[in-house]
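Trainee: Please take one part of this model and go through it closely. I would like to see how that part fits with its surroundings.

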2 protein chains.
Amino acid sequence: MLQNALLAVAITLLYFSRHYSPLLAAIGFCIIGYQVTDALIPRVSPSFVKIGLFGKDLSKPGRPVIPESIGAVSAMVYLFLLFFYIPFLFYKYLVVITSGGGHRDVSVMESTHDEYLFPHGKMSEYLSAVLCLQSIVILGMADDLFDLRWRHKFFLPAIAAIPLLVVYYVDFGVTYVLIPDIIRKWVDTPRTAVNLGGFYYLYMASMAIFCPNSINILAGVNGLEVGQSVVLCIISLINDSLYLTLGTEASKEAHRFSAILIIPFLGVALALWKWNKWPSKVFVGDTFCYFAGMIFSVVGILGHFSKTTLLLFIPQTFNFAYSSPQLFGLVPCPRHRMPRFNENDGLMYPSRADLIEHPPQKVMVPVLKILHALKLIDIETDIKKNMIISCTNMTLINLVLVWFGPMREDKLCNRILTIQLAVGLLAIFGRHVVGSLIYGHDNIQFL
Amino acid sequence: MLQNALLAVAITLLYFSRHYSPLLAAIGFCIIGYQVTDALIPRVSPSFVKIGLFGKDLSKPGRPVIPESIGAVSAMVYLFLLFFYIPFLFYKYLVVITSGGGHRDVSVMESTHDEYLFPHGKMSEYLSAVLCLQSIVILGMADDLFDLRWRHKFFLPAIAAIPLLVVYYVDFGVTYVLIPDIIRKWVDTPRTAVNLGGFYYLYMASMAIFCPNSINILAGVNGLEVGQSVVLCIISLINDSLYLTLGTEASKEAHRFSAILIIPFLGVALALWKWNKWPSKVFVGDTFCYFAGMIFSVVGILGHFSKTTLLLFIPQTFNFAYSSPQLFGLVPCPRHRMPRFNENDGLMYPSRADLIEHPPQKVMVPVLKILHALKLIDIETDIKKNMIISCTNMTLINLVLVWFGPMREDKLCNRILTIQLAVGLLAIFGRHVVGSLIYGHDNIQFL
């Protein structure tokens, strides 16, 4: 009943989007995406288990076996939504000059023949985004299936970004970045922008690597991968609406494009979240993490607001920086760093790295003590021997447990998502205030 | 040594393609595609076996286990070649106005800014082709992994064709087909073309379904799937070169596009053939059959010469039509219809359908007898009871065995490929002679 009503709303939105804005169609596709994904997940999950795509949920009594890589379903639904979106996106250019007999095709054909009317450039941009997302789905599936090595999979997103970067190079090729006012005054230059040339492509490739991997690393609690993607969607959409209501014409276009890609994604992500949130009935797999991160990379790269995108990823960046002593071997890194589940009280506790058997690098001992004093880590010390016995693993998830004490898995996930949302909103606010200060202007007009 | 020499040739071709033709780059990518695919196949095959992608070769003593779905490797290499191809394809529009300091990026950027210079329409066309091919790879992999039902997988190519058809609709939208002169005189109309409207999309979707499935159905002998794709490439390229040397300007462009997609495919297909030909070290999987067929569909659809493409598929069409009594249940259809391997002499014999246990539809009895008289089938009859005991399975492969007698698997494959090549060449020849007759003109100028 509710489903039918929602579908009716979606179809109405698609219909009216022709006369108003492609964003209405995006909302329509968001609803359809939710319903289709929600319907598909229980139907295809058994097939995933059958071919070996399953995992054990270590934070539940009895460690139940759960289908893995189900995020691929959301990703596929999303990709097909993007295909069907194309006519709605470009509808305003398909001017219908009715030929009398109701032959809409004839008139559509006549109008699209005008080379200067139809924005082929926009179309290439859109198609290159879809290609990039489709590539990351293929590579993500390869990773989920073949369980690639960490040092290989880290670079997968850069490979998937190749179509995006190549089309960018051939079709647009803008490699200028604005120079902040402060720096302009400092080096005393009249130039407002600097051309990064080839380095800009390196920068974009790094963006493409960063977002997917940072989502993939902030994981280990039921629902966190999808939850953080949903929060990222919400913050992005708030930022986009700011621009769409108050922005300049050029920035409006970039943020319309952003909203167009993100709104349907929100639909498929919410459906996946329904199944993945605590207690998880499915796992999402690397495919989903890469895919979700790539959407934000693509939006940032094509919309030329990659610095703002990075602001949205502050919690993930913090998690990465905080993890780096363990990732780079300065502090021993156990195979799993997810929090420890206590079967007796059903709560999650911070997991710890054993520093007796595997002592950390000498240089890290005082650092660990300082971090402990700053409440950024919890260490156990043997006072007699003046030795650190163990420290909590350096992930944002464990840190939240250090701060707020042990809690149930769903509470933990929600706490992290709340922090992410708060930080994200502050970041956007800061970006527009500070942005005005360092660039001497902002591209949204508050007054 | 030879490998390095070939790579040097490839790089030289890529370099000079800038000054001459993107077709030189296609040959370069063909060589690179061959080498990369050939190097990857032995490296990734064990991983395929590990995750359950393997099959038994029923036509060998001992039925050895062989990695399955390796065609996905060729397909992925091909897709990445197509990405890297983009700058070479559009090089002539990236006019380099050297800025003095060797900053090529700067000048490239300046030139691509000109909206009217760069053929964005061509770019969308190309990207939609890549999207369609990438979609069929994903769906093909899903089929190889999950072993979809026949009635589902039959329609997969139509789903993969959605991006192609949508972009076609939005970006080009030409739904006219030429009316043959004969029909024009017959119905006495001055119109030279008729608008098929929506039916044209149905026609294109059928094309997309037909080519991939027809390759998938003509299989069952080592090397035949890839071999027939290679032969299709050769016939297509001969046809393309006819047009490129003798054709009108418009047809030249369509056939340049065709050659651009087919030449690199020839490279990855030849490398796969090296591993898949008798005695097979790998199986290609449905992914490859779909993928290979889709390339010819895409080329035919975007080049507007889908009727010619269908001519290239005469052997596959014959195989499909010939199979249809079994496919539609008029004659019983065993689970496998591949020829029977005789371990004693190592030769392949036509496999037979048992008509005693599962008698055919009454109406088919005289038909089978006529086919037998025409040497289009072999039947065994019980003269006393006037009953047909068995008939050879109705596939082109078995028919070749009926005609030429039992032979070794590699000889059988080569015989079929030779027939395919001969029929294809005749079809092209016929198309240009008969085409001139029924359309009153031909789009290549012999004189």
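What follows is a close look at the contact between the two chains, and then at the domains and charged pairs.

Mentor: Keep in mind throughout that this is a predicted model. Start with the contact between the chains, which takes 51 residues from chain B and 52 residues from chain A. Chain B and chain A bury about 4600 Å² between them, and 75% of that area is on carbon and sulfur atoms. On the chain B side, B:Ile138, B:Tyr169 and B:Val170 supply 14% of the buried area, more than any other three residues.

Charged pairing is absent here, as the interface of chain B and chain A has 0 salt bridges. There are 2 residue pairs in polar contact across it, counting pairs with both residues at pLDDT 80 or more. Helices α2 (22-50), α3 (71-89), α4 (104-112), α5 (120-146) and α8 of chain B each supply at least two residues of the side that touches chain A. Helix α5(B) gives the most to that side, with 16 residues. By class, the side of chain B that touches chain A has 35 nonpolar, 13 polar and 3 charged residues.

Helix α8(B) deserves its own paragraph. This helix spans residues 162-172 of chain B, and 11 of its 11 residues are buried. Among the buried residues are B:Tyr169 and B:Val170, two of the three residues named above for the area that chain B buries against chain A. The buried set also includes B:Asp171, alongside residues such as B:Ile162, B:Pro163 and B:Phe172. Just after α8(B), B:Gly173 takes a positive phi of about 70°.

Elsewhere in chain B, B:Asn319 lies in helix α15 (residues 314-327). B:Asn319 has a relative accessible area of 0% and is therefore buried. Leaving aside its neighbours within four places in sequence, B:Asn319 is in contact with B:Ile217, B:Leu218, B:Thr395 and B:Leu396.

Now turn to chain A and a second contact, the one between its domains. The domain assignment gives domain 1 (2-98 + 105-312 + 410-439) and domain 2 (340-407). Their contact takes 15 residues from domain 1 of chain A and 9 residues from domain 2 of chain A. The C-alpha centres of the two domains lie 35 Å apart. Domain 1 of chain A and domain 2 of chain A bury about 1000 Å² between them, with 84% of it on carbon and sulfur atoms. In domain 1, A:Ser59, A:Leu412 and A:Arg415 lose the most area to domain 2, together 46% of what that side buries.

Between domain 1 of chain A and domain 2 of chain A the count is 0 salt bridges. The count of residue pairs in polar contact across that interface, both at pLDDT 80 or more, is also 0. Helix α18 (residues 409-439) of chain A gives the most to the domain 1 side, with 5 residues. That side has 9 nonpolar, 3 polar and 3 charged residues.

Salt bridges do occur in the model, with a count of 20 over all chains. One of them joins A:Asp38 and A:Lys274, whose closest N and O atoms are 3.1 Å apart. A:Asp38 is in helix α2 (residues 22-50) of chain A and A:Lys274 in helix α12 of chain A, 236 residues apart, and the pair links distant parts of the chain. A:Asp38 has 10% relative accessibility and so counts as buried, whereas A:Lys274, at 38%, counts as partly exposed.

Another salt bridge is formed by the side chains of A:Asp378 and A:Arg352, at 3.0 Å from N to O. A:Asp378 lies in the loop between α16 (364-373) and β8 of chain A and A:Arg352 in strand β7 (residues 352-354) of chain A, so the pair ties together parts that are 26 residues apart in sequence. A:Asp378 is partly exposed at 27% relative accessibility, and A:Arg352 is partly exposed at 31%.

In chain B, B:Arg352 forms a salt bridge with B:Glu380, with the closest N and O atoms 3.6 Å apart. B:Arg352 is in strand β7 (residues 352-354) of chain B and B:Glu380 in strand β8 (residues 379-382) of chain B, so this pair ties together parts that are 28 residues apart in sequence. B:Arg352 counts as partly exposed at 31% relative accessibility, and B:Glu380 counts as partly exposed at 39%. Finally, A:Asp57, A:Lys60 and A:Glu409 are joined into one network by salt bridges that share partners.

Definitions and conventions:
Residues are numbered from 1 along each chain as its sequence is written. Chains are lettered from A and ligands numbered from 1 in the order in which they are written. Side-chain values use heavy atoms; hydrogens and water are left out. Domain bounds come from an automatic or database domain assignment. Contact means heavy atoms within 4.5 Å. Buried area is the accessible area (1.4 Å probe) that two parts lose on being put together, summed over both. A salt bridge is a side-chain nitrogen of Lys or Arg within 4 Å of a carboxyl oxygen of Asp or Glu. A polar contact is a pair of N or O atoms within 3.5 Å; within protein, one must be able to donate a hydrogen and the other to accept it, and residues adjacent in sequence count only if both atoms are side-chain atoms. Helices (H or I, at least four residues) and strands (E, at least two) are DSSP runs, numbered from the N terminus. Ala, Val, Leu, Ile, Met, Phe, Trp, Tyr, Cys and Pro count as nonpolar, Asp, Glu, Lys and Arg as charged, and the others, Gly among them, as polar. Buried means under 20% relative accessible area, exposed over 50%, partly exposed in between (1.4 Å probe, protein chains only).
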